[in-house]
Amino acid sequence: MGRIWSPQIESMKREQLEEIKTYLLKKQLNYVYHRAPFYKELYKKSGVKLDDIKNINDLEKLPLTKLKDLQAEMKQTGDEYSGRLCVPENELLAVYGPNQHPMPENPLITGITDSDRNTIVQHLARNLMMAGVYSGDTIQSLCWAWEPFNRLYMAANLLISPSVSEILGIIPITLEIITLEAPRTFSTARLLKPSLIIADTSHLMQLAAVCQQIKILPEELGYKTIILKEQRILSDKETKEVGDRWKAKVHNMLEVQDNMFYMMDCEKHKGLHIWEDAFIAEIVDEKTGEKVGDGEAGKLVITNLFAKGTPMIRYLTKVTAKMDRTPCDCGRTHSRIKPQ
Ligand SMILES: [Zn+2]
């Protein structure tokens with residue numbers, strides 16, 4: 001069995017986990033209702049009272065948070081946070097738009113507080129430990145400079161809470177994801193010999209093209225592990241192809257940046273573990289909004305239980321997934337989401 005960053009949480013008994021989720025859900029609903037005008041209005045309109053939500057199963061009584069409704073709110077009120085901001089703006093550590101290029105019209109703006117960042121850092125530490133990262137390892141992480149993901153590596157002297165590099169003792173090399181960066185990723189990898197790279201599939205292909213130009217095999221760069229950070233769940237076939245090409249162990253990290261969701265598969269590679277002490281994940285039929293059964297494919301809906309900046313409740317994502325609640329051989333009790 002591999003190492004676990006936070007065994008008391010990651011391997012917690014299901015009943016205990018359900019209790020915590022219920023407690024956090026009630027607390028978070030109360031928090032957003034009294035601070036976020038969008039949610040106050042949405043819940044008033046739906047006729048559901050907070051007292052009606054007594055446990056996790058009652059969550060589906062609440063309407064879904066849809067991107068188009070948030071965009072309409074932004075247009076109507078002129079509020080760039082679409083009525084979701086729950087703290088004074090000067091308490092935000094960072095504000096960012098969607099991970100899309102070019103920026104779409106009426107983009108969803110997300111704000112994170114230092115406390116939000118601290119929780120995401122813990123999630124990333126759990127993920128990196130699932131990938132077998134050890135203290136002293138050098139890792140390459142490719143992301144846009146403005147992405148919150150980049151901020152997870154920034155040292156505490158710049159912020160308040162510790163970074164993932166500080167708590168894990170790793171050496172991060174952060175690089176920008178642009179086509180021109182692939183030769184730079186290559187040179188840095190040859191020089192510093194990172195054992196792990198976090199990148200998306202297209203950047204990795206650009207990197208493979210650089211290897212071909214220089215006439216070396218991708219495996220000669222020496223990555224032992226590759227984490228493919230994507231906005232969707234990759235199929236087993238896709239991750240296997242990358243693994244075969246690079247002769248490396250491959251994990252898939254799903255990123256839903258606007259709800260601070262970074263989930264990954266463990267060393268058993270049987271779906272992406274959802275940190276249920278921080279999120280409630282549901283799978284719904286996109287057309288009807290109704291929940292589908294475990295093992296059936298639908299769209300992923302995420303409720304954020306920890307965020308203080310711009311939390312979202314029952315946020316309908318574009319990610320297709322199916323739910324697996326059976327125990328995982330890695331010893332973690334948190335459920336998993338799998339590709340279609
Ligand atoms: Zn597992």
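Me: Why is Ser-82 called buried?

Reply: Its relative accessible area is 0%. Buried means under 20%, exposed over 50% and partly exposed in between (1.4 Å probe, protein chains only). The value of 0% is under 20%, so Ser-82 counts as buried. This is a predicted model, in which local features need pLDDT of at least 70 and side-chain atom pairs count only at pLDDT 80 or more, while totals for chains, interfaces and linings use all residues. Residues are numbered from 1 along each chain as its sequence is written, and side-chain values use heavy atoms, with hydrogens and water left out.

Me: Where is Ser-82, and what is its phi?

Reply: Ser-82 sits in the loop between helix H4 (67–77) and strand E1 (94–96). Its phi is near 55 degrees, a positive value in a residue other than glycine. Helices (H or I, at least four residues) and strands (E, at least two) are DSSP runs, numbered from the N terminus.

Me: How do you know whether Lys-215 is buried or exposed?

Reply: Check its relative accessibility: 73%. That is over 50%, so Lys-215 counts as exposed. Lys-215 lies in the loop between helix H9 (201–214) and strand E6 (225–230). Its phi is positive too, near 65 degrees.

Me: What makes Gly-169 partly exposed?

Reply: Its relative accessible area is 30%. That falls between 20% and 50%, so partly exposed is the right label. Gly-169 belongs to the loop between helix H7 (164–168) and strand E4 (171–175).

Me: What does Gly-169 touch, not counting residues up to four places away in sequence?

Reply: Ser-135, Gly-136 and Val-164. Contact means heavy atoms within 4.5 Å.

Me: Why is the site of the zinc ion called tetrahedral?

Reply: Four donors count as tetrahedral if all angles lie between 85 and 135 degrees. The angles here are 104 to 113 degrees. They lie inside that range, so the site is tetrahedral.

Me: How do you know which protein atoms are donors of the zinc ion?

Reply: Donors are N, O and S atoms within 2.8 Å of the metal (3.2 Å for Na, K and Ca); water is not among the atoms, so sites may look incomplete. Cys-266 (SG), His-273 (NE2), Cys-328 (SG) and Cys-330 (SG) lie 2.1 to 2.3 Å from the zinc ion. Those distances are within 2.8 Å, so the four atoms qualify. Cys-266 lies in the loop between strands E8 (261–265) and E9 (272–273), and Cys-328 in the loop between strands E12 (315–324) and E13 (336–338), so the pair ties together parts 62 residues apart in sequence. Cys-266 is buried at 0% relative accessibility, and Cys-328 is buried at 9%.

Me: How does the span of helix H2 compare with the expected value?

Reply: The expected span is 1.5 Å times one less than the number of residues. Helix H2 (residues 14–35) has 22 residues, and its expected span is 32 Å. From first C-alpha to last it reaches 31 Å, close to that value. Its buried residues pack against helix H3 (37–46), strand E10 (279–284) and strand E11 (298–304).

Me: Why is the protein chain called as compact as a globular protein of its length?

Reply: The radius of gyration is taken over C-alpha atoms, and the globule rule is 2.2 Å times the number of residues to the power 0.38. For 340 residues the rule gives 20 Å. The radius of gyration of the protein chain is 20 Å, so the description fits. Buried residues make up 55% of its 340 residues.

Key:
Tetrahedral: all angles 85-135°; square planar, octahedral: opposite > 155°, others 65-115°.
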